[in-house]
Amino acid sequence: MAGNICNTTVYERGNDEAVEAAKEMFKEQIQWAVECGADYIVAETFSDYGEAELALRCIKEYGKGLPAVVSLVAHSKEETVDGLTFPDACRKLEEAGADVVGLNCCRGPKTMMPLIREIRKVCKGPICMLPVPYRTTPEQPTMQSLKDAETDKQAFPFDLPAFACSRTQIAEFAREAKEVGVQYIGLCCGNASHYIRVVAEEYGRYPPASKFSPDMSEHFIFGDREHVKDHHATSYLPNM
């Protein structure tokens with residue numbers, strides 16, 4: 001079980017009062033997690049390296065030795081709000097004592113993966129990757145930047161389902177992440193049970209829900225010949 005802290009929305013670099021307010025939030029939540037028996041602490045979705053580093057220091061100070069997973073969020077730019085490249089920021093967090101570093105949220109698999117590849121090159125320990133399950137592109141690299149093709153309006157948040165990844169795309173993402181060397185993997189906003197089951201299976205794990213994984217070989221139209229009757233094949237799909 002993980003305890004969780006994230007971007008506070010009150011942090012401002014150079015503002016001592018705001019930094020102290022963020023620190024107090026982190027302290028309170030970390031202490032709650034420790035009291036409730038958390039196994040590790042997730043610190044996630046930081047736009048500023050400075051706030052991520054502050055979160056890590058608080059985990060070290062108040063976390064009673066619990067491991068720290070610290071992840072940044074990549075918006076449209078290829079660097080943190082305070083000007084570090086994501087590989088450099090992750091390397092610095094690792095050197096500061098984070099047990100796992102990487103990225104989560106905002107970007108889909110296709111636009112997050114290039115950054116993860118660069119992070120893998122400079123970080124020695126485990127890295128994490130938790131994209132949103134949406135079809136982001138180089139032109140629209142984040143879920144917030146996706147635009148509905150019919151209306152030209154921002155899809156976030158209500159119309160994001162129109163951009164949902166297929167299960168095949170999620171499987172491809174998981175395979176690529178495994179090849180790159182991502183040890184801590186998941187999905188962020190928009191995740192669903194059938195998606196994370198696919199990710200688990202691509203990593204060689206078979207949770208209880210795997211018994212419900214689709215087996216198209218038994219489909220009454222598209223399955224193996226032994227499961228398809230001529231009546232269905234000709235009635236439903238006359239060109240088969």
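**Exercise 1. Is A209 buried, partly exposed or exposed, and what is its relative accessible area?**

First, a word on what you're looking at: this is a predicted model, where local features need pLDDT of at least 70, side-chain atom pairs count only at pLDDT 80 or more, and totals for chains, interfaces and linings use all residues. Residues are numbered from 1 along each chain as its sequence is written, and side-chain values use heavy atoms, with hydrogens and water left out.

Step 1: get the cut-offs. Buried means under 20% relative accessible area, exposed over 50%, and partly exposed in between (1.4 Å probe, protein chains only).
Step 2: A209 has a relative accessible area of 33%, so A209 is partly exposed.
Step 3: find its place. A209 sits in the loop between α6 (193-202) and α7 (230-236). Helices here are DSSP runs of H or I with at least four residues, strands are runs of E with at least two, and numbering starts from the N terminus.

**Exercise 2. Work out how α1 and α2 pack.**

Step 1: α1 (residues 16-35) and α2 (residues 49-62) pack at about 45°, their axes 9 Å apart. Axes are lines fitted to C-alpha atoms, for helices over the stretch in contact, and angles run from 0 to 180 degrees between N-to-C directions.
Step 2: that angle makes α1 oblique to α2. Angles under 35 degrees count as roughly parallel, over 145 as roughly antiparallel, 65 to 115 as roughly perpendicular, and the rest as oblique.
Step 3: look at who touches whom. Contact means heavy atoms within 4.5 Å. Among the contact residues are V19, F26 and I30 of α1 and L54, C58 and Y62 of α2.

**Exercise 3. Trace the sheet and place β4 in it.**

Step 1: six strands form an open sheet, in the order β1-β2-β3-β4-β5-β6, with parallel pairing. Two strands pair if DSSP finds at least two bridges between them.
Step 2: spot the edges. β1 (2-6) and β6 (184-185) each pair on one side only.
Step 3: β5 (residues 127-130) pairs with β6 over two bridges, in the parallel sense. There, C128 has Y184 of β6 as its bridge partner.
Step 4: move to β4. β3 (residues 68-72) is joined to β4 by four bridges, and L72 has L103 as its partner in β4.
Step 5: check burial. Five of the five residues of β4 (residues 100-104) are buried, so β4 is largely enclosed by the rest of the structure. V100, G102 and N104 point one way, while V101 and L103 point the other.
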